[in-house]
Amino acid sequence: MQTAAMDPAEEPPSMLWGLDPVFSAFARLYIRDILEMTESTQVPGIYFYNLHPISKVDVLGTVVYKREREDFFCYGVDDGTGVINCLCWKSDVLKEEREPSKSGAQLGAAAQGGFDPVAELQKLRRAQRTRCRLEIGELLRVRGPVKTSRQQREIKASTYYKVSDSVMAVQISWMMEAPQLYRQCYDKAPQLEPDAAGDSAVSSLSRATKILKDFLKQKSVSRFRPYDVQDLLQPLISSPPQAASADQEPVAGPSACQQLRQLLKEALQILQDEGAVYRKVKSQDEVYLVTVQDKDLLVAVKDVIREDSRREKYVEKGCHVLHILSAVRQRYSLNVSRAALELVLKTLECNSDIISTSDSHYTAI
């Protein structure tokens, strides 16, 4: 393959790469995307996916070909989107042709039922050999940096091992997590140059949101009003500047009370956007319900899925999340957002009340 180089005008400066958390992590990309990534013109060995700098990846797939040399294995790994070459160096244990023999004293200790450290060490070595020697058709997980050798993209494994997955639980979990990672991270352009002027406001808002989340979780709060949590954010509000002398007029600006109310309003809006809280009825009495603590909402969603999944239309695949959302809004509250519903679905699935049949379909157990 010809390695595509990125346009220097589009490539973010290397000094900003560390601001992207993807740069220091093992990226769980599809093999197709790993093969199609563009290489950096600033630093060889660094690649870009949607402007995210990628140096190392995490891949799970089936071995479709293998070659063995004295010092390494070469596995072809297929995850369903493409095939990539993985260079896996042998450890000293794998290079040993023969296992050390036991001494007479050690054999005697083993015969008498005592602990034999040599025998246990040999068991560990045999287990390691089994995990690192794979055959075609077996499942392999590989982590390591991406390299281009002889115009071929490959992974030089820093860690690799055979995955035992007789019921395909690991593969199903992997296939469900990958689309979420793409939606939440890889497909979003990185924010490497935040607005310096807005840093302070953004920092205060993020801290306020975290304080509210921690309070609701630690206290297991099910419902609250804004004035119940307002004092929690008081330490984040700076006091207004004082006049330097009696002749000097104070600086005009919002009062501390106004700043506090505005900060609380914005933090609560973020919690609503994330689905962590919602208002069942919008009225002058602002009552917020904590989504995962609202037993009535959990029961309403579970009842919708249990009743509708029996209908012929939904028996095979289950109920789509948009159908569930529409039914819950009709039967329970018009103000339930999709984000809140997804939190409820996740909670019910963790409690084994429902099961997801695909990425967006659910049925009752």
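**Exercise 1.** In this predicted model, decide whether M175 is buried or exposed, and state which surface feature it helps to make.

*Solution.* Begin with the accessibility: M175 has a relative accessibility of 53%, and because the exposed class starts over 50%, M175 counts as exposed. Next, place the residue in the fold, where M175 lies in helix α5, which covers residues 169-186. Finally, look at its partners: together with M168, I172 and M176, M175 makes a nonpolar surface patch of about 360 Å².

**Exercise 2.** Work out which parts of the chain are linked by the salt bridge between R133 and E68.

*Solution.* The closest N and O atoms of R133 and E68 are 3.0 Å apart, which is within the 4 Å limit for a salt bridge. R133 sits in the loop between α4 (117-132) and β7 (139-149), while E68 belongs to strand β4 (residues 56-68), so that the pair links distant parts of the chain, 65 residues apart. As for exposure, R133 is partly exposed at 31%, and E68 is likewise partly exposed at 36%.

**Exercise 3.** Determine what the salt bridge between R225 and D285 ties together.

*Solution.* First take the distance, which is 2.8 Å between the closest N and O atoms of R225 and D285. Then locate both residues: R225 lies in the loop between β10 (223-224) and α7 (226-229), and D285 in the loop between β11 (277-278) and β12 (288-290), so the pair ties together parts that are 60 residues apart in sequence. R225, at 28% relative accessibility, counts as partly exposed, as does D285 at 39%.

Technical notes: Residues numbered from 1 in each chain as written. Predicted model: local features only at pLDDT ≥ 70, side-chain atom pairs only at ≥ 80, totals over all residues. Heavy atoms only, no water. Patch = residues over 30% accessible without salt bridge, like charges linked within 9 Å, V, L, I, M, F, W, Y side chains within 5 Å. Areas by Shrake-Rupley, 256 points an atom, 1.4 Å probe, with all protein chains shown as cover. Salt bridge = Lys/Arg side-chain N within 4 Å of Asp/Glu carboxyl O. Helix = DSSP H or I, 4+ residues; strand = E, 2+ residues; numbered from the N terminus. Buried < 20%, exposed > 50% of the residue type's maximum accessible area, 1.4 Å probe, protein only.
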